[in-house]
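Reader: I am new to protein structures. Please pick one part and take me through it closely.

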Amino acid sequence: MCELYSKQETLALRRKHIGSEANDLALRLARQFRGHQDVITLDHAYHGHLSSLIEISPYKFQKGKDVKKEFVHVAPAPDTYRGKYREDHADPASAYADEVKKIIDEAHNSGRKIAAFIAESMQSCGGQIIPPAGYFQKVAEYVRGAGGVFIADEVQVGFGRVGKHFWSFQMFGEDFVPDIVTMGKPMGNGHPMACVVTTKEIAEAFSASGMEYFNTYGGNPVSSAVGLAVLDVIKNEDLQGNATRVGNYLTDLLNKQKTKHTLIGDIRGVGLFIGIDLVKDHQQRTPATAEAQHIIYKMKEKRVLLSADGPHRNVLKIKPPMCFTEEDAKFMVEQLDGILTGLEEATGAETESGISKNTPCRAKMPKEAQSELLRDSSLESRENPSQKRNGLCTDSLLSKRLRT
């Protein structure tokens, strides 16, 4: 595992049970290493369900009754499609990194010290966000300069999912190596496993605290055998290569759908980690939230499981099993095409033939129908947000229009 992580020889590995435990231990390691407490996290980030992780997960605490703790600092997500600095910015990586630098400076001015910056190498719950090149290097420089460490959360995006690299953070260049890396669910292919990888220096500082780390099932023979078997399958069945080939094929299919359907604003992703940002207006990039919920519900009826996330819950998340084939990809896109076509017909959206290349694409619908759709979405959100997250939204007015 250490060989797969980095060429460095000064690494320590601690096996754990679930991804949340891995991230919790990463925080403890970081805080013990320098004696600092504060953590910088990304807006709409999610790092686990333990109390210590909910505290640093805006995805959770912004929706609940908890308030942001004073030791938690939230930086803008490096989203170049919908965020503060977009693709037309001269240097979005530096601009987003400077936001982190501002947080560090403000914390220091208030007498606080930074223990860690934590981020998924590619933000999943945040809406399938791929940071611009150079962003992590600059953030790591600022954080380390402030005495903190960089934690890369690979729980959802590690183990070859991006195809070309085994770890997603490797996409950002050989000059970027996190201080701590956490991993989880892909490690056991369904068997509960996780681990933390860090430098020898950080691990020894933690051990020097006198508090022994203990996990009842940590490093047990069964889990160890499972983890080794998963690594063998990834290598022997060339699942990394499959992620690249099928991911490229799927992305090409989806980009063709983008030229056909006005609801598709952006296709982004690497390997088998892809997001479809749905919009009502291409120029304004107005999130198509209700439409996204309708699509995942209808896709489930077609035996295709998707979910929608991002700050506006309008981004379709595609993270299939690593054994996903081109045939599977074709089937998924065919179902999506049919649902989008029916949805656009029902809501009066323009078709490909009616779109001028010089005119911003707009999904048009009568004002009355538009307000009903928004009211429907608002009601679903208030009635049962957990069902909405899992695509189990109620059969709304939008669905009824499609059946008539």
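Author: Two strands count as paired when DSSP finds at least two bridges between them. Now to the part itself. The model is a predicted one. Our part is strand β7, which covers residues 194–199.

Begin with the partner. Strand β6 spans residues 180–183. It is joined to β7 by 4 bridges. The two strands run antiparallel. One contact can be named: Ile180 has Thr198 of β7 as its bridge partner.

Next, is β7 buried or exposed? Buried means under 20% relative accessible area. In β7, 6 of the 6 residues are buried, so the strand is largely enclosed by the rest of the structure.

Take one residue of the strand, Val196. Its relative accessible area is 2%. The cut-off is 20%, so Val196 is buried. Now look along the chain. Val196 and Gly19 are 177 residues apart in sequence. In space, their C-alpha atoms are 9.2 Å apart.

Residue 19 also begins helix α2 (19–34). That helix leads to another feature, the largest pocket. α2 supplies at least two residues of the pocket lining. So do α8 (221–236), α10 (289–301) and β11 (307–309).

How much space lies in this pocket? The volume is about 1,100 Å³. The lining has 47 residues. Nearest the centre lie Val155, Gln156, Lys185, Pro186 and Lys319. By class, the lining holds 21 nonpolar, 16 polar and 10 charged residues.

Notes. Residues numbered from 1 in each chain as written. Predicted model: local features only at pLDDT ≥ 70, side-chain atom pairs only at ≥ 80, totals over all residues. Heavy atoms only, no water. Buried < 20%, exposed > 50% of the residue type's maximum accessible area, 1.4 Å probe, protein only. 1 Å grid on protein atoms, 1.4 Å probe; cavity = no way out; pocket = protein on both sides within 12 Å on 5 of 7 lines; lining within 4 Å. Points joined across faces, edges and corners; volume = space filled by probe spheres on them. Nonpolar A, V, L, I, M, F, W, Y, C, P; charged D, E, K, R; others polar.
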